[in-house]
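I am starting a notebook on a structure that is new to me. I will look up the overall layout, then one helix, then one place on the surface.

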Amino acid sequence: MSAIRLLVLGAVRQHGRAHGYQVRNDLEYWGAHEWSNAKPGSIYHALKQMEKQGLLHAHEIAPSTAGGPPRTEYEITDRGEEEFFRLLRESLVSYDQKMDIQSAAVGFLVELERAEALALLRERIRRIEEWRAAVTEHYIPEGGPGQLGHIGEIMNLWVHTADSDAAWTRGLIDRLEAGAYTFAGEGERFVGVLVEGQENPYATGERHPKDDH
């Protein structure tokens, strides 16, 4: 699974309609260019591909009075909504040690109802524990990872990462059960997107040929 589809669909969805540079700006605001493959070229490519797949609808906007090419704004379709929630749910429960997928899912967690989010996070813990049990049973020697020399450190890394993920997930569940954050159906939610013209303190400043399209 690629995080870029979930990130781009979610960013467009939060705006209602957004052009490519807005999507890019939001993802840089979230730092996604540091922890995922959400680079400018990947973002613009994803927008075009998902338009072709019927997940996004493109609106061509007339150029400004200052001139320049027409700008395309994207809007999520009904199929795009279905795909967004499919990816979100799958990303929350999937344990494949890919931080970008997990991070993208957490960024859109409040789009779900609280009860469903909690159920998905509990399922994530179950899958982590299942994965850990299978790995330790089949791949760790009876005498421990040290029996494999320095290669055993790979297994130590895997298991430590799984344990850390499970501990973080349990902590998140505790916070959500205590009422943290506002979820779908609970009232006005925090929206972490930039409004048109708002300065992005985390922008890379890197220009891309499609920024003005």
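**Notebook entries**

I first looked up burial for the whole chain: 41% of its 213 residues count as buried. I keep in mind that the model is predicted.

I then looked up the accessible surface of the chain, which is about 11,700 Å². Carbon and sulfur atoms make up 52% of that surface.

Next came the secondary structure. I found eight helices and three strands. Read along the sequence, they come in the order α-β-α-α-α-β-β-α-α-α-α.

I checked how far apart in sequence the contacting residues are. Taking the contacts with a separation of 6 or more, I found that 71% join residues 24 or more positions apart.

I turned to helix α1, which covers residues 3–15 and has 13 residues. From first C-alpha to last it reaches 19 Å, close to the 18 Å expected at 1.5 Å a residue. I listed its buried residues: Ala 3, Ile 4, Leu 6, Leu 7, Val 8, Leu 9, Gly 10, Ala 11 and Val 12. Just after α1 I noted Gly 16, with a positive phi of about 95°.

Last, I looked at helix α8, residues 152–177, where Ile 154 lies. Is Ile 154 buried or exposed? I found it partly exposed, because its relative accessible area is 41%, and partly exposed covers the range between under 20% for buried and over 50% for exposed. I also found Ile 154 in a nonpolar surface patch with Leu 157 and Trp 158. Together these residues have about 290 Å² of accessible area.

Notes. Residues numbered from 1 in each chain as written. Predicted model: local features only at pLDDT ≥ 70, side-chain atom pairs only at ≥ 80, totals over all residues. Heavy atoms only, no water. Patch = residues over 30% accessible without salt bridge, like charges linked within 9 Å, V, L, I, M, F, W, Y side chains within 5 Å. Areas by Shrake-Rupley, 256 points an atom, 1.4 Å probe, with all protein chains shown as cover. Salt bridge = Lys/Arg side-chain N within 4 Å of Asp/Glu carboxyl O. Helix = DSSP H or I, 4+ residues; strand = E, 2+ residues; numbered from the N terminus. Buried < 20%, exposed > 50% of the residue type's maximum accessible area, 1.4 Å probe, protein only. Contact = heavy atoms within 4.5 Å. Expected span 1.5 Å × (residues − 1).
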